[in-house]
Structures are given as C-alpha cells and as structure tokens.
Amino acid sequence: MTDVTFESLGVAEPILRALAAENYTIPTPIQTKAIPALLSGRDLLGIAQTGTGKTAAFGIPLLQKLSIGHVPPQPKQAKALILAPTRELAVQIEESLRTYGKFLNLKMTVILGGVNQNTQVKNMAKGVDILVATPGRLLDLVQQKFVRLDAVETFIVDEADRMLDMGFIRDVRKLVAFIPKKRQSMLFSATMPEDIAKLVHEMMNQPERIEVAPQGKTADRVEQKLYFVPMAQKRQLLSELLKDAAMNRVIVFTRTKHGANRVAEHLARTGVVAEAIHGNKSQNARQRALDMFKTGKARVLVATDIAARGIDVDNISHVVNFELPNEPESYVHRIGRTARAGGEGIAISFCDSSERTYLRDIERLTRMKIEPVAHDLPELTAEQKAQQEEPRRPHGHNRGGKPGGHKPHGGGHREAANADPHAPKKRNGSRAHWNRGRDKQRGTAA
Ligand code: AMP
C-alpha cells in the first residue's frame, strides 16, 4: 500500500498530466479503492463526505471511460449523468471534471434550477459527454423533451443523503426511470439512511462498497471550542473574536436564511466584509458571494447548512457555529470545512441555553466532549435581557394571521432597531423573534 500512485491505479496519461498540474501526487484513500473498481466497470457505493477527494474518485475513471474510443454524443443526449443536490456542488463538480479532463476533448455542461433554462437547452442541443445536474430542473427539461437520457452509460448520484434531506429523492427515482438499465452506477452518501439503502438496492448491481472517514473522524483533526453565550450576545461575541487577525477566512453557520442575513448585516455594519449564502438568493448572487469569499475579498461567509454543502474552499481558518445545528451530523460536516485534504483547523461553537440538547447530541455522535471556554463579554444590557426573556410564540400562531406579517426583509429592520439602543422599541420589535422561533421549528430551512 505504500507506493500507490495514480499511474499504478491504471489512470491514463492525459489525465495523469492534468493531476500532476494540480499537484495531486498521492491518491486519497477513496481514490485508491474506487479508481480500480470503477475502471473495471463495477458499480460503486461510496460512503464518504466532501473533503475526501470523492469527486476525483468517480471523475477520473469516468473521464477515462468516456475518452477511450470516443464517439461524439447525439443531439440532446448525455453519455454520463451526475446528479448533485445543490447548485454549488453541481458547478463545482463540473469545474473539477474540466480540470482533470483538460487534455481530453470531452463536452460537459451543467443544468441547474434558479436560472433561465434557455442557455441550458442550447448547451444540450448538440449533446454532451457529461451532464452535471440538480434533479428538479433536469426532470423539467427531460419532460419538455430538451434533454434525453436514453444514451446514459454512466449514472452518478452525489451526496444522496442530502438529496433525501432536501426532498429530491422522488425526482431522482423519476430520472432513473429514463436511464437505460444497462449502465454503470455510482452513489455517494455521507450517511446511509434507510431510504438511501433502498435506492441503492433499486439502482445498483452488486456494487463495490467503499467506506472512508466514518463520521466523527474529521472532528479529530479540528480544534473545537465552545462558548456558552446567550443568543442576545452572540453577535457581540462574534465581533470580539473577529478582532483576532488569525481568523482570516471564516465560515459562520446559522440555522436559518434569515439568521444568515442578520449576521452578515451585523458584520457589515462593524466593518467586516461578509457575504451571506443561502437558498433564497439567486444562483448568480450565490456564485458571486462564493467568489468573493474564495478570492479573499470577503473575510467571512455566512451560510446555512444546505447552501454550504459541497462548497470547496481551501484554507478556511475557522468555522463558527453561530447556532448549533439540530442534526448532529451537520456539525461534523460543518467543522470538516476547516480541515480539508488533511489540513487542520479551528471550530468555534456558540451555545445558548436553548441549544443544550443539540450540544448533547453532537457530543454523543462525535464521542467527544467539547470543553467550554470562558468569554469576557460584559453583563447583558437591559435590552439584551428583554430580548432574551421575550416569550417564544408557540408553533401555529403564525399560520394565517401572522402578527406583523412575514416579510422577507423583516429581520433587517429589527437589526436596525436593535443597533441603536435609543431607538424607540417598536410594537413589532419582537416579530423577527417569533419568526426566528418558527424558522427553528421548520428545521434546516435553507
Ligand atoms: P472532494 O472530496 O472531491 O470535494 O475533494 C476535496 C479536496 O481535495 C478538493 O479541494 C480537491 O481538489 C482535493 N483533492 C482531491 N484529491 C486529491 C489528491 N489526490 N491530492 C491532493 N488534493 C486532492
């Protein structure tokens, strides 16, 4: 096992050259196991999360298979289909495949929701070798007969568990029905809920099963810190911590879209360049935010779990859990952002008294106790105390007659009012608070 190289795994010359240009010298564990199995034509079930090198693990054999005896695709057809749960991940997969395949002459395109379909239809008109897509829009274009899946020879589902979380599994199943039975299939998932196991059984033929970095493993390489801090003081604590210049590339996670906006707005007011990324933003706005962060123009990216899935940014110095996730697996995903490709990093979590149960779940999953660190924030101000003590509205109150209504930009108004301690307390000053409670009950809305 000592001298494994991409060459010894059977990777062909033009791809080797592209990998060398990327400084990929040693295959990662999943690549070492997956590449030979896939080159031999087997189906593959990969239990792995992002950061393990799984994109190259399926991408390299795919490129190689398509380049051997290459026959140009027919109009509207794709020879390989890769499904990804989020737009960001889809774009990233295509970028990676272009990189690994830059010395091959293969056509690729991306189909995703949230943008006009015309360009996508045009890109498919002459057919492609590789199509990377999010399920909803693809199904739409297939039903409109702009895309045909009857020539797909390789079918890949990435981050299947997230597909399930986001409610895309039905669309995936519908798409499978359009793809020829005779094909090579791969499915990657960080976890194996029952519904995914069922899907695997339906769509694969005796797959080779490869499991790498079981859950909790990434956590070993990340220094984890915990602050017990009331919700009303979290923004203040974040600003204090950001005085440390070592926090130079930071992802801040919130549970909700509104929360992400509120934190980004707060940071902007304090002079920190921050971008928010979540599912309410247009695809272009999300890509712009991501580019700002990738190029270092924005020091902080505030994200919800779902929007952050698959974001591949190296050298993230810190992950801040502004709110703890209600699913403990998300904690492992989140903090793994700062220890990519074998690196190390720091994860800082803010825990309000209402989040203690989430903390317990996380510690149970990672089998690690996170030691709390003391902060030296002043006592709560009267206003913060009032905010802290406002009763949470029971679920259901917001249905129909919403107090104050649910306006997308409501959070911003509340922040503006709170920023000025002398501002008169508006009757609806607590509205965003109710909304926040509602967001929470909705779970991982992103
Ligand atoms: P992935 O899990 O596919 O999102 O990949 C995680 C990160 O590791 C990406 O930034 C890849 O560019 C990088 N990577 C993948 N394979 C290798 C390799 N063999 N050597 C070095 N970096 C790699």
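**Figure 1. Helix α6 and its buried residues.** In this predicted model, helix α6 spans residues 135–143, and Pro135, Arg137, Leu138, Leu139, Leu141 and Val142 in this helix are buried. The cover over these buried residues includes three strands, β2 (78–83), β3 (108–111) and β4 (128–133). It also includes the helices α5 (118–125), α7 (160–165) and α8 (169–176). Lys145 follows α6 and has a positive phi, near 65°.

**Figure 2. Helix α2 and its cover.** Helix α2 is made up of residues 29–39. Its buried residues are Ile30, Gln31, Thr32, Ala34, Ile35, Ala37 and Leu38. Among the elements that cover them are the strands β1 (44–47), β6 (184–189) and β7 (208–211), together with helix α3 (54–67). Just after α2 comes Gly41, with a positive phi of about 95°. Gln31, one of the buried residues of α2, appears again in the view of the ligand, where a polar side-chain atom of Gln31 lies 2.8 Å from a ligand nitrogen atom.

**Figure 3. Polar contacts of the ligand.** The ligand has 16 residues around it, and those that come nearest are Tyr24, Gln31, Gly51, Gly53 and Thr55. A polar side-chain atom of Thr55 is placed 2.6 Å from an oxygen atom of the ligand. For Gln31, the partner of the polar side-chain atom is a ligand nitrogen atom, at 2.8 Å. Lys54 takes part through its backbone: an N or O atom there lies 3.3 Å from an oxygen atom of the ligand. Taken alone, the ligand exposes 490 Å², and the protein buries 85% of that area.

**Figure 4. Composition of the ligand shell.** Which residue classes make up the shell around the ligand? Five of its residues are nonpolar, seven are polar and four are charged. The shell draws on domain 1 (13–211) and on domain 2 (222–378), with at least three residues from each.

**Figure 5. Arg249 in the loop between α11 and β9.** Arg249 sits in the loop that runs between α11 (234–241) and β9 (250–253). Is this residue buried or exposed? Arg249 counts as buried because its relative accessibility is 18%, and the cut-off for buried is under 20%. Neighbours within four places in sequence are left aside in the contacts that follow. Arg249 is in contact with Phe293, Lys294, Thr295, Gly296 and Arg299. Its other contacts are Val313, Asp314, Asn315, Ile316, Ser317 and His318.

**Figure 6. Asn248 in the loop between α11 and β9.** Asn248 is also placed in the loop between α11 and β9. Asn248 has a relative accessible area of 47% and is therefore partly exposed, a class that lies between the limits of 20% and 50%. Beyond its neighbours within four places in sequence, Asn248 is in contact with Arg299 and Ser317. Both of these residues are also among the contacts of Arg249. The C-alpha atoms of Asn248 and His318 are separated by 7.9 Å, although the two residues are 70 residues apart along the chain.

**Figure 7. The whole protein, as context for the close-ups.** The secondary structure comprises 19 helices and 13 strands. The protein has 446 residues, of which 54% count as buried. Among contacts with a separation of 6 or more, 78% are between residues 24 or more positions apart. The accessible surface comes to about 20000 Å², and carbon and sulfur atoms account for 51% of it.

How values were computed. Residues numbered from 1 in each chain as written. Predicted model: local features only at pLDDT ≥ 70, side-chain atom pairs only at ≥ 80, totals over all residues. Heavy atoms only, no water. Near = heavy atom within 4 Å. Polar contact = N/O pair within 3.5 Å; in protein donor to acceptor, adjacent residues only side chain to side chain. Areas by Shrake-Rupley, 256 points an atom, 1.4 Å probe, with all protein chains shown as cover. Nonpolar A, V, L, I, M, F, W, Y, C, P; charged D, E, K, R; others polar. Domains from an automatic or database assignment. Helix = DSSP H or I, 4+ residues; strand = E, 2+ residues; numbered from the N terminus. Buried < 20%, exposed > 50% of the residue type's maximum accessible area, 1.4 Å probe, protein only. Contact = heavy atoms within 4.5 Å.
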